[in-house]
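This report walks through one structure, region by region. Keep the sequence and the coordinates open while reading.

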Amino acid sequence: MLFGNKKDQTMPDTYSPPEIWTWDQENGGEFAKINRPIAGHTNEKALPVGKHPFQLYSLATPNGVKVTILFEELLEAGVREAEYDAWLIRIHEGDQFGSGFVEVNPNSKIPALMDLSGDTPVRVFESGAILLHLAEKFEMFLGSFDQRAEMLSWLFWQMGSAPYLGGGFGHFYKYAPEKWEYPINRFAMEAKRQLDVLNRHLADKRFMIGDAYTIADMAIWSWYGQLALSRLYDASTFLDVKSYENVQRWAQEIDLRPAVQRGRMVNRTFGELEMQLHERHDASDFQTKTQDKLGDA
Ligand SMILES: N[C@@H](CCC(=O)N[C@@H](CS)C(=O)NCC(=O)O)C(=O)O
């Protein structure tokens with residue numbers, strides 16, 4: 001039987017689930033304070049709105065960065081209509097549970113976007129939906145029409161795969177309150193399998209669909225490119241990321257793009273102070289408003 005419940009009799013149970021699950025609010029771990037089994041807002045708080053056509057509410061995690069990279073790529077390419085305000089959502093402090101944020105994203109997760117460029121405001125949540133919405137609006141970074149199915153396949157591959165890397169591997173390797181062998185093994189295996197998928201695919205391609213740089217690269221780079229560049233979970237030796245040579249070559253090329261370097265800085269609250277631009281409201285902010293320039297102000 002393929003999906004049976006046959007238990008290995010040699011393995012002792014470390015936990016017997018009760019008949020009905022109840023919420024243990026002190027279950028430990030990095031995210032214990034913000035995780036809840038219920039949706040909806042916990043407090044009334046309107047979101048700020050700036051002067052630009054796009055209002056982004058985000059944080060520079062991989063899911064946030066892929067969107068700020070796209071905005072910066074559009075602006076770098078001269079699309080002035082893509083000007084945006086990026087407001088900081090501090091997820092460790094629960095900003096995602098404010099009433100205004102939940103109206104933009106009922107799922108209470110960054111990134112969330114209000115598109116105010118048309119007659120009617122449009123909300124967009126889920127980073128993949130935001131990337132597609134903007135790329136289709138400006139008809140850029142989609143690849144050719146003939147390549148669309150391949151581009152979408154890789155974009156959705158990222159959306160489906162990264163939860164195993166972040167919520168699975170990253171969580172149990174770095175954030176869980178204790179180290180448990182079983183989940184670390186399971187998700188390290190999957191993270192390495194995913195890196196191998198990319199490595200094989202990129203063996204004869206400059207970018208994910210060939211010569212054209214698209215939103216699929218932006219989405220995948222933000223997770224797997226940054227993993228390959230030793231920026232996620234302090235796991236580069238453990239996962240031997242250097243051995244994925246084609247991923248390394250692709251990740252390094254994208255990392256050098258000026259728009260990528262700027263996109264990584266937006267809504268960033270960690271790392272070197274000169275890389276932290278907590279909010280972005282103008283192109284000049286990269287020169288004048290990083291934390292090394294503002295200090296603690
Ligand atoms: N599938 C979503 C995932 C978004 C997501 O997981 N965001 C995380 C940060 S990377 C978050 O906001 N977490 C806050 C929380 O879970 O309360 C997307 O791609 O937009």
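Start with E126: with 17 C-beta neighbours inside 10 Å, this residue counts as partly exposed. The model is a predicted one. E126 sits in the loop between β4 and α3. Its phi is positive, about 75°, although E126 is not a glycine. E126 is also one of the residues around the ligand.

A second non-glycine residue with positive phi is D234, at about 50°. D234 belongs to the loop between α6 and α7 (245-255). It has 11 other C-beta atoms within 10 Å and is therefore exposed. The cut-off for exposed is 12 or fewer.

**Ligand surroundings**

Which residues are around the ligand? The list reads I34, T61, N63, I91, Q96, S108, K109, I110, P111, E126, S127 and G128. By class, this shell has four nonpolar, six polar and two charged residues.

Two members of the shell, I110 and P111, are joined by a cis peptide bond. Omega there is about 0°. P111 lies in the loop between α2 (99-104) and β3.

**The sheet**

Four strands make up an open sheet with mixed pairing. Their order is β2-β1-β3-β4. β2 (84-88) and β4 (122-125) are the edge strands; each has a single partner strand, so one side of each lacks a neighbour in the sheet. From one strand to the next, the twist averages 20°.

Strands pair through backbone hydrogen bonds, in parallel or antiparallel fashion. Both kinds of pairing appear here. β1 and β2 run parallel and are joined by five bridges. Within this pair, Y57 has W87 of β2 as its bridge partner. β3 (residues 112-115) and β4 run antiparallel, with four bridges between them. A112 is bridged to F125 in β4, and M114 stands opposite R123 in β4. These two strands form a hairpin, with six residues between them.

Is edge strand β2 mostly covered or uncovered? It is mostly covered: five of its five residues are buried. Y84, A86 and L88 point one way from the strand, D85 and W87 the other way, and all are buried.

Helices pack on the sheet as well. Helix α1 (residues 62-76) touches β1 (54-58) and β2. The direction of α1 makes about 155° with that of β1. Helix α3 (residues 127-138) lies across β3 and β4. It runs at about 130° to β4.

**The nonpolar core**

The largest nonpolar core has 70 residues. L70, L131, I215, A216, Y224 and V247 have the most contacts inside it. Helix α6 (residues 215-228) gives the most to this core, with ten residues.

What does L70 contact, leaving aside its neighbours within four places in sequence? The partners are L131, L134, F141, I215 and M218. Of these, L131 and I215 are themselves among the residues with the most contacts inside the core.

**Two phenylalanines of helix α4**

F169 is placed in helix α4 (residues 148-175). With 26 C-beta neighbours inside 10 Å, F169 counts as buried. F172 lies in helix α4 too. It has 22 C-beta neighbours inside 10 Å and so counts as buried. The cut-off for buried is 20 or more.

Their contacts beyond four places in sequence are these. F169 is in contact with Y164, F187, A188, E190 and A191. F172 touches W180, P183, I184 and F187. F187 appears in both lists.

The table gives C-alpha separations for two pairs, each with one of these phenylalanines.

| Pair | Separation along the chain | C-alpha separation |
|---|---|---|
| F169 and E103 | 66 residues | 31 Å |
| F172 and P183 | eleven residues | 6.5 Å |

P183 is thus placed in two ways: its C-alpha atom is 6.5 Å from that of F172, and P183 is one of the residues F172 touches.

Conventions:
Residues numbered from 1 in each chain as written. Predicted model: local features only at pLDDT ≥ 70, side-chain atom pairs only at ≥ 80, totals over all residues. Pairing = 2+ DSSP bridges. Axes fitted to C-alpha atoms, helices over the stretch in contact; angles between N-to-C directions. Contact = placed C-beta atoms within 7 Å. Near = placed C-beta within 6 Å. Nonpolar A, V, L, I, M, F, W, Y, C, P; charged D, E, K, R; others polar. Core = buried A, V, L, I, M, F, W, Y, C linked by C-beta atoms within 7 Å.
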